[in-house]
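Student: I should like to understand how the labels attached to a structural model are justified. Could we go through them one at a time?

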Amino acid sequence: MGGKPVIEYSEFCLNKAVYPGSALSILPSSDALIRNNHFHHNNSSAPISIDYSASPTFINNLIEENHSNNNGITYFSNDGGNAKIINNTIVNNTCSLGAV
């Protein structure tokens, strides 16, 4: 990504990947606004990946029924920059080696 995209009212489902970010990958220097989305039934080492120096804002998303093989549902690479997670519902996710 990069820049300041707005991602809203979208459905991210049934995505699979070997590396983090099967549903969404926020790249360095991105100030993305991610709001009112539904992330479900995604499978990878982390369905949502936030890279270093990224500053995304997640607001009012439903994140449910996802599975991670090892990094948790959300992966913060090198501390994940300055992510803001506000009023999201994160339920019924599973991870083989950890938590969200």
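Tutor: The discussion below concerns a predicted model and takes its aromatic rings, its sheet and its surface in turn.

Student: How many aromatic pairs does a search of the whole structure find?

Tutor: The search finds 1 aromatic pair. Its members are Phe-12 and Phe-39.

Student: Why is the pair of Phe-12 and Phe-39 called stacked?

Tutor: The ring centres are 4.5 Å apart and the planes differ by 5°. Centres within 6.5 Å make a pair, and planes under 30 degrees apart count as stacked, so both terms apply.

Student: What makes this a link between distant parts of the chain?

Tutor: Phe-12 belongs to strand β2 (residues 11-13) and Phe-39 to strand β5 (residues 38-40), with the two residues 27 apart. Both Phe-12 and Phe-39 are buried.

Student: How do you know that β2 and β5 pair?

Tutor: The two strands run parallel and are joined by 3 bridges. Pairing requires at least two bridges, so the condition is met. Within this part of the sheet, Cys-13 stands opposite His-40 of β5.

Student: Which strands form the open sheet, and in what order?

Tutor: Its 4 strands follow the order β2-β5-β9-β13, with parallel pairing. Strands β2 and β13 (89-91) are the edges, as each pairs on one side only. From one strand to the next, the twist averages 5°.

Student: Why does Phe-76 count as partly exposed?

Tutor: Phe-76, in strand β11 (residues 74-76), has a relative accessibility of 36%. Buried means under 20% and exposed over 50%, so a value in between is partly exposed. Together with Ile-85 and Ile-90, Phe-76 makes a nonpolar surface patch of about 250 Å².

How values were computed
Residues are numbered from 1 along each chain as its sequence is written. This is a predicted model: local features need pLDDT of at least 70, side-chain atom pairs count only at pLDDT 80 or more; totals for chains, interfaces and linings use all residues. Side-chain values use heavy atoms; hydrogens and water are left out. Rings of Phe, Tyr and Trp (its six-membered ring) pair if their centres lie within 6.5 Å; planes under 30 degrees apart count as stacked, over 60 as edge-to-face and the rest as tilted. Buried means under 20% relative accessible area, exposed over 50%, partly exposed in between (1.4 Å probe, protein chains only). Patches are made of residues with over 30% relative accessible area and no salt bridge: like charges are joined within 9 Å, nonpolar side chains (Val, Leu, Ile, Met, Phe, Trp, Tyr) within 5 Å. Accessible areas come from the Shrake-Rupley method with a 1.4 Å probe; for residues, only the protein chains shown count as cover. A salt bridge is a side-chain nitrogen of Lys or Arg within 4 Å of a carboxyl oxygen of Asp or Glu. Axes are lines fitted to C-alpha atoms, for helices over the stretch in contact, and angles run from 0 to 180 degrees between N-to-C directions.
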